[in-house]
Amino acid sequence: MSSLSNSEYILVIDDTPANLKLMVQTLTDQGYEVSTAISGERALKQISYDLPDLILLDIQMPGIDGFETCKRLKENPETKDIPIIFMTALSDSESIVKGFSLGAVDYITKPFQAIEVLARIKTHINLQQLRKNLEKEVAKKTNELTQALEELKESQAQLIQKEKMSALGELMAGIAHELNNPIGAISNNSQHLENYIRDILHSLFLYQKYYPNPAEEIIENAEDVDLDFLIQDLPNLISSMKAGSERIKFLSTSLRTFSRSELNNDQKVSSVVHNDIDSTLLILNHRLKANSYRSAIEVVKKYGDVPEIKCLPGQLAQVFMNLISNAIDAIDELVKKTGCAMFKFQPQIIIYSGINEEKTGLIIRIKDNGVGMSEEVKAKIFDKLFTTKAVGKGTGLGLSIAYKIMVINHSGKLWCESTLGKGSEFILELPMKEGSRGVGE
């Protein structure tokens, strides 16, 4: 039988007709929809077609008794949450405890007291309704949280992509700036070289034509083109072009350092970290130069005798780019805050490399004399999305990504020491043997 009304549907299971009649009368008078079964077997079959809101279950019945019926109901995923109230003439505590252990929510004793029965039924139906409402609310909130988490992941992915694009833009701007001079030298001198060679070849042709007795025309031509100067300046010109070409080549190598291993990002290769640092400094050279409010930033290299290590060079270069960029930002911020008082200030970044005391790890220190950080800021600098920069100036992902690269991808360590107004020092530690941990890990 199906419940077509809004009233609660109760199933009464008892093998005594008089008890069934009394219970049905009592419940129907209160507006409940009632169904009956005279055995556990019939009840289980009946419940498979129509789930009640609550079950009144007699303990002592022939065949499957109340305990076994309750056990089977609680083992069924579709019926395990239906509240069961035992009906029994037994008053011994052992039977009551057994009923609760099988999953019953309450019990009533025979002979029935209508007021007590109705009060217990009402209580457990209300509790059941509250449970269902709570489950719906939890499911709703879970769905909302899942959706919010997905949106957060998407936003995070977008921020990471934005950070990558920002770093790439800075990278390309630096390269474009650094390429400007060597390309200009090659471009400007190439035309002169072409003219020099044409004039020299023309002069040689005339020498060959009139050799061994130079004619007046050869002498005049040599004077017109200043042949001695051309011969003297040609090596210098070619050397300048070669130097420019070498600089372009080095810049190209630096670019490859930042973009290498994209397809094999988890494959470590042997690398000298000094080369990665130098590549980063070259790319950031345009930011180190003097500007309208400060002098050029002096970079002091205190490189120690360190071995090659197995690492992900492209990722380490990203760490160096971020830390050195932050050092420049910190210096610029200090100069802007103090204004004219900084005329005698010498901005400086010191980069140190060496081996730790245990001879197990490579240490790199990047120290600036910039604005520094408070203890509160220092405690959060590696947190995702945390930034002290103005809106649009930073995403708060740079240092968190650098930390992940060092600690997760390289089994190393990254920490910071800083004093507000006195600069900051970032310390990196890389294990020299693959798989070992940095000191303090």
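This is a short selection-by-selection tour of the structure, which is a predicted model.

**Whole chain**

Start with the full protein chain. It has 441 residues, and 38% of them count as buried. Colour by secondary structure and you will find 12 helices and 12 strands. Consider contacts with a sequence separation of 6 or more: residues 24 or more positions apart account for 69% of them. Switch on the surface next. The chain exposes about 25200 Å², with carbon and sulfur atoms supplying 54% of that area.

**Helix α2**

Select residues 40-47, helix α2. Gly-40, Ala-43 and Ile-47 are the residues to show as buried. Their arc around the axis spans only 60°, so they sit on the same side of α2. An α-helix has 3.6 residues a turn, so residues three or four places apart point the same way. Now turn to the other side of α2, where Arg-42 and Lys-45 are exposed. Add the cover over the buried residues of α2: it includes β1 (9-13), β2 (33-37), β3 and α3.

**Helix α3**

Move to α3, residues 66-75. Which residues of this helix are buried? They are Gly-66, Phe-67, Thr-69, Cys-70 and Leu-73. They lie on the same side of α3, because they cover an arc of only 160° around the axis. Display α2, β3 (54-58), β4 (84-88) and α4 (93-101), which are among the elements covering these buried residues.

Zoom in on the N-terminal end of α3. Asp-65 caps it. A side-chain oxygen of Asp-65 lies 3.3 Å from the backbone nitrogen of Phe-67.

**Cysteines**

Stay on Cys-70 for a moment. Its relative accessible area is 0%, so Cys-70 is buried. Then jump to Cys-311, which is also buried, at 0%. How many disulfides does a search of the whole structure find? Zero.

**The largest nonpolar core**

Select Leu-323, Ile-324, Ile-349, Ile-364, Ile-366, Phe-426 and Leu-428. These have the most contacts inside the largest nonpolar core, a set of 41 residues. Elements that each supply at least two residues to this core are α8 (273-283), β8 (309-311), α10, β9 (348-355), β10 (361-368), α12 (398-409), β11 (413-419) and β12 (423-431). Helix α10 gives the largest share, 12 residues. Apart from this core lies another, of 17 residues, including Ile-10, Leu-20, Tyr-32 and Ile-125.

Centre on Ile-349 and show its contacts, leaving out residues up to four places away in sequence. Among them are Leu-288, Ile-297, Val-299, Val-300, Ile-324, Ala-327, Ile-328, Ile-331 and Ile-366. Glu-298, Lys-367 and Asp-368 touch Ile-349 too.

**Thr-338**

Follow α10 (residues 313-338) to Thr-338. Is this residue buried, partly exposed or exposed? At 35% relative accessibility, Thr-338 counts as partly exposed. Draw a C-alpha to C-alpha distance from Thr-338 to Val-371: 9.8 Å in space, against 33 residues in sequence.

**Two positive phi angles**

Finish in the loops. Pick Lys-359, between β9 and β10. Its phi is positive, about 60°, although Lys-359 is not a glycine. Lys-359 is exposed, with a relative accessible area of 62%.

Then pick Ser-411, in the loop between α12 and β11. Ser-411 also has a positive phi without being a glycine, near 55°. Its relative accessibility is 16%, under the 20% limit, so Ser-411 counts as buried.

Note on methods
Residues are numbered from 1 along each chain as its sequence is written. This is a predicted model: local features need pLDDT of at least 70, side-chain atom pairs count only at pLDDT 80 or more; totals for chains, interfaces and linings use all residues. Side-chain values use heavy atoms; hydrogens and water are left out. Buried means under 20% relative accessible area, exposed over 50%, partly exposed in between (1.4 Å probe, protein chains only). Helices (H or I, at least four residues) and strands (E, at least two) are DSSP runs, numbered from the N terminus. The arc is that of the directions from the helix axis to the C-beta atoms. Contact means heavy atoms within 4.5 Å. A polar contact is a pair of N or O atoms within 3.5 Å; within protein, one must be able to donate a hydrogen and the other to accept it, and residues adjacent in sequence count only if both atoms are side-chain atoms. Accessible areas come from the Shrake-Rupley method with a 1.4 Å probe; for residues, only the protein chains shown count as cover. A disulfide is a pair of cysteine sulfur atoms within 2.5 Å. A nonpolar core is a set of buried Ala, Val, Leu, Ile, Met, Phe, Trp, Tyr and Cys residues joined through side-chain atoms within 4.5 Å.
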